[in-house]
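Colleague: Could you take me through the packed interior of this one and what surrounds it? I'd like a close look at that part, with the cut-offs spelled out as you go.

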Amino acid sequence: MTAVDTTRTSRYLLGNYAPVQEETTVGLAVLAGEIPADLDGIFARNGSNPRFAPRGRYHWFDGDGMIHAVHFEAGAATYRNRYVRTASFYEEEAAGESLWTGIMEPPDLSRFPQVFKDSGNTDLCWFNGDLLALWWLGGDAYKISLPDLETQGIQTFGNTLETHMAAHPKVDSLTGELLYIDFDPMPPYLTLGSISPAGAVTSSRVIELEGPRLQHDIAFTQDWVIVFDFSFMWSRSALREGRTELEFARDKPTRFGLVSRRDPNAAVRWFETEPCFMYHVINAWQDAAGNVRLLGCRTDDPLADDPTNPDRIAPTLGKLRLEPQLVEWTFDLGAGALRSEQLWDVVNEFPRMDDRRFGQQHRYSYTQRAAAAETLLFDGVVRHDYVMNTFEAHDWPQGWYGGETVFSPRPGGTSDDDGYLITFVVEEATGRSELHVLDAARMSDEPVCRLAIPVRVPTGYHSTWIPGDELRSASRT
Ligand SMILES: [Fe+2]
C-alpha cells in the first residue's frame, strides 16, 4: 500500500489535517467532569482521510471518507473510526493506489460519469433508522451500521431514488420527510426531491437554472423549500475544454428560489439578492406576518484568487475562500422583495442547531468561530440567541481547535438550548485529541466532561447525533 506522503505541500495534508491509517475501537477515559447520566446515543462526524497518495494536486475535499464516532451508553463512552467504504474506495483498494485525480486537476473523463471519486466524506444524516454518509458533489447515499460504523451499501430507498444525493439533506420533524438536492455541471443542473417517512421518493423536480452553479445546502419552511442560484458558478467555457473552473460573477445577482411544498406544478418564485455564495444555511421559517425568514453564513468573496477580494487573511481551501458572516434574509412574499441584514461581523461557519426545529422558528443556533488563519480552524463555538440577537462564546483552549459541534437534546427537553454540545477538540501542535461535552444553556462554563481519545482525530467536516432510543428502535426493526 502506498501511504500518503504528508511532506507534499498541501497545507491540508499537514498538522491535524493529515490522515490517520488505523481503524480503532477503544473505551474512553474521563479527563474532567463526568459523563452525564442522560447522555445516551452516538455522536458521529465525517471527514476527509486520503488512504493513498494523491494523484496530482490535493484538495482537502478529495480524501476518502472516514467517520469518527463516540457511543455514549450507560455512563460509558466508546470511540470508533472507520473508512466510508464506497464503490470507489474498493476500486482503489484493489489497485493499491489512487485512481482518481482530485478537484484541483481536470476531471478524468475516461471515468465518465464518475469523473471525481464519490468518497461519501462530507455529511452524515440520520433518517428513518439509517445513518447515511453523503458526498458534497452529489453521490450515492451510503448506509453506515451502528454502532460499529461498517459501510453496508447504497441506500436507494427501494429503487425509488433515481438521482444522486448531495450533502445536507434535511429532515422535517413535523412531517417526517427528507428533503434533498442533487446537482451537476451538466443539465439538469439542480434537482430537488423529497422522501416520505416510509422511505420512498415521493417527488423529484428539476429546478431550471441558466447554467451550472455550485450548490451545497438547502433550507425549508412548512410551505417552501429554498434553493439557490448563486453568482458562484462553473465556467462554461472551461467545461467545454474538459476542465472544471469556478468563477464568481460579481455583476450577476444571486437568486433565492422558493419552491412550493404544496403545489408541485407551481412556478418557482425567484428573489434577487446581492452576489454571494453560501455553504451552509442555519434555518428558515415563516413568521407571523407571513414572511419567509432565512438565516445562514454568507460569503461575499468566495474565490481565493479574485483580485478584488479584501486584503484580509481568510481561510482558503484550494481556490475557495471562506470568510462567511451571519446574515438574515426576509422574503416579503406580497411585495416580491428580499432584504438582507448582516447580524454579526465575526467569521463563523459550520452552523448547527436543534435539528428538531428545522423549518420552524428556532431561538438558539451554534456556529463555529474561525481563527484568523490561512486554513480552516475553529477557536470557539458561539451560541446565537435569535430573539435577543446576542452572542455567547465558548473558547477552546489556546492552541486547541474544535470541530462542528452537534446539539444533543436532553431526553424529554423541548427548549433548543436544553441539551449538550459535543465536538472533537484537538491540540494543533501535538495532535492530542479530546471529546468535549458542553451544557448548551451555560456556554461560558467549563465543559460538562472532557474525554481523552488515545488516537489522533483529524480535522473534519459534518457531524450528527443519533439518540439512543432511536438507535435501539432502529436495531429492532
Ligand atoms: Fe457542508
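Modeller: Let's start at the centre: the largest nonpolar core has 127 residues, and the members that touch the most others are Leu-132, Leu-134, Phe-220, Val-225 and Ile-226. A core here is a set of buried Ala, Val, Leu, Ile, Met, Phe, Trp, Tyr and Cys residues joined through C-beta atoms within 7 Å. The biggest share of this core, seven residues, is supplied by strand β20 (residues 277-286). Keep in mind that this is a predicted model: local features need pLDDT of at least 70, side-chain atom pairs count only at pLDDT 80 or more, and totals for chains, interfaces and linings use all residues. Numbering runs from 1 along each chain as its sequence is written.

"Buried" needs pinning down: 20 or more other C-beta atoms must lie within 10 Å of the residue's own, 12 or fewer makes it exposed, anything in between is partly exposed, and the C-beta atoms are placed from the backbone. By that count, 49% of the 477 residues in the protein chain are buried. 

Now zoom in on Leu-132. Skipping residues up to four places away in sequence, Leu-132 touches Leu-124, Cys-125, Phe-127, Ala-141, Tyr-142, Lys-143 and Gln-155. Contact means C-beta atoms, placed from the backbone, within 7 Å of each other. Take Cys-125 from that list: Cys-125 sits in strand β6 (residues 123-127), opposite Leu-132 in β7. Helices (H or I, at least four residues) and strands (E, at least two) are DSSP runs, numbered from the N terminus. Cys-125 counts as buried because 24 C-beta neighbours fall inside 10 Å. Apart from neighbours within four places in sequence, Cys-125 is in contact with Leu-132, Leu-134, Pro-169 and Thr-464. There's a long-range link here too: the C-alpha atoms of Cys-125 and His-462 are 9.5 Å apart, with their positions 337 residues apart along the chain.

The sheet around this pair is easy to trace. β6 and strand β7 (residues 130-134) run antiparallel and share five bridges; pairing requires that DSSP find at least two bridges between two strands. The full sheet is open, with four strands in the order β6-β7-β8-β9 and antiparallel pairing. β6 and β9 (151-154) are its edge strands, each pairing on one side only. On average, neighbouring strands of the sheet are turned by 30 degrees against each other, direction ignored; the axes are lines fitted to C-alpha atoms, for helices over the stretch in contact, with angles from 0 to 180 degrees between N-to-C directions.

The loop between β8 (142-144) and β9 has a couple of backbone quirks. Pro-147 lies in that loop, and a cis peptide bond with omega of about 5 degrees joins Leu-146 and Pro-147. Leu-149 is in the loop between β8 and β9 as well. Its phi is near 65 degrees, positive even though Leu-149 isn't a glycine. Leu-149 is buried, with 23 other C-beta atoms within 10 Å. Past β9, Asn-159 sits in the loop leading to β10 (170-171) and has a positive phi of about 60 degrees, again without being a glycine. Asn-159, though, is exposed, with 8 other C-beta atoms within 10 Å. Another cis peptide bond, omega about -5 degrees, joins Pro-187 and Pro-188, and Pro-188 is in the loop between β11 (178-183) and β12 (190-195).

Elsewhere, have a look at strand β27 (residues 364-370), where seven of its seven residues are buried. On one pairing, strand β26 (residues 348-353) and β27 are antiparallel over four bridges, with Glu-349 opposite Gln-368 in β27. In another, seven bridges join β27 to strand β28 (residues 378-385), also antiparallel, and Tyr-364 has Asp-385 in β28 as bridge partner.

Zooming back out, the protein chain comes to three helices and 35 strands. Its radius of gyration is 21 Å, close to the 23 Å that the globule rule gives for 477 residues, so the chain is as compact as a globular protein of that length. That radius is taken over C-alpha atoms, and the rule is 2.2 Å times the number of residues to the power 0.38. The C-alpha trace spans about 55 × 55 × 50 Å along its principal axes. Of the contacts with a separation of 6 or more, 57% involve residues 24 or more positions apart.

Methods
Two residues are in contact if their C-beta atoms, placed from the backbone, lie within 7 Å.
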